[in-house]
Amino acid sequence: ALVHSFLPVEGDEPENGEALGGRDEVSALVHVALESILCACPVATDYVFESLKTTFPHKRREALAHAVYVRHCIAILRYSPALMKRVVGLLVARMVELDVEISLQQRHLEDAAEEEEDDDEPIFEVDLGDNMSDELAKMRKNANKLDGMMALMFEFIAERCGRLKNSGRSAGIATPG
């Protein structure tokens, strides 16, 4: 139930990326609680991961919901490295699913465009233009979601690699660069 607070309430998601009001304070308290629980009971990592997995936003949710959720998943990894492999695997799997969805949408649009070129007169009076523009809009939304999620993951990877590189130097380990 704690992890559910990481998601913006559907309908409360601002379109222009503005802040979500008091949600940041609630999220900070949830992270403090999760960190305390995971510190006191390391076995809870299994339950936290299952909760993260089942609470992951549906692919039809707005890009903001996905970005906020990924940001919270990454925040959990900062105080619970035991979840690193599973949570990163979950995030990558969801990004791959979104990428596949985008590829299917693109293929559908290309097929529809080819059919439109091949057929001079439609068999049925259906305006495919609106359908194609709707599909294109969905594809762009999915691409924006994926871009946001990937940007957050790359920031996290850069942060982790930088921390590992710096810790290697402080420990006297030779690192290239």
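Here follow some questions and answers about this predicted model.

User: Why is Glu117 called exposed?
Analyst: Glu117 has a relative accessibility of 63%. Exposed means over 50%. Therefore Glu117 counts as exposed.

User: Where does Glu117 sit, and which surface patch includes Glu117?
Analyst: Glu117 lies in helix α4, which covers residues 84–118. Glu117 helps form a negative surface patch with Glu110, Asp111, Glu114, Glu115 and Glu116.

User: What makes that patch negative?
Analyst: The patch is built from Glu and Asp residues. Asp and Glu count as negative, so the patch is called negative.

User: Why is Val92 called partly exposed?
Analyst: Val92 has 39% relative accessibility. Buried means under 20% and exposed means over 50%. The value for Val92 falls in between, so Val92 counts as partly exposed.

User: Which helix holds Val92, and which nonpolar patch does Val92 help form?
Analyst: Val92 is in helix α4. Together with Val96, Val100 and Leu104, Val92 forms a nonpolar patch on the surface. Their accessible area together is about 320 Å².

User: Cys39 and Cys73: how do you know which is buried and which is exposed?
Analyst: Cys39 has a relative accessible area of 67%. The cut-off for exposed is over 50%, so Cys39 is exposed. Cys73 has 0%. Buried means under 20%, so Cys73 is buried.

User: How many disulfides does the structure hold?
Analyst: The structure holds zero disulfides.

User: What pattern does the protein chain follow along the sequence?
Analyst: The pattern is α-α-α-α-α. The chain has five helices and zero strands. Of its 177 residues, 32% are buried.

Note on methods
Residues are numbered from 1 along each chain as its sequence is written. This is a predicted model: local features need pLDDT of at least 70, side-chain atom pairs count only at pLDDT 80 or more; totals for chains, interfaces and linings use all residues. Side-chain values use heavy atoms; hydrogens and water are left out. Patches are made of residues with over 30% relative accessible area and no salt bridge: like charges are joined within 9 Å, nonpolar side chains (Val, Leu, Ile, Met, Phe, Trp, Tyr) within 5 Å. Accessible areas come from the Shrake-Rupley method with a 1.4 Å probe; for residues, only the protein chains shown count as cover. A salt bridge is a side-chain nitrogen of Lys or Arg within 4 Å of a carboxyl oxygen of Asp or Glu. The place of a charge is taken as NZ of Lys, CZ of Arg, CG of Asp or CD of Glu. Helices (H or I, at least four residues) and strands (E, at least two) are DSSP runs, numbered from the N terminus. Buried means under 20% relative accessible area, exposed over 50%, partly exposed in between (1.4 Å probe, protein chains only). A disulfide is a pair of cysteine sulfur atoms within 2.5 Å.
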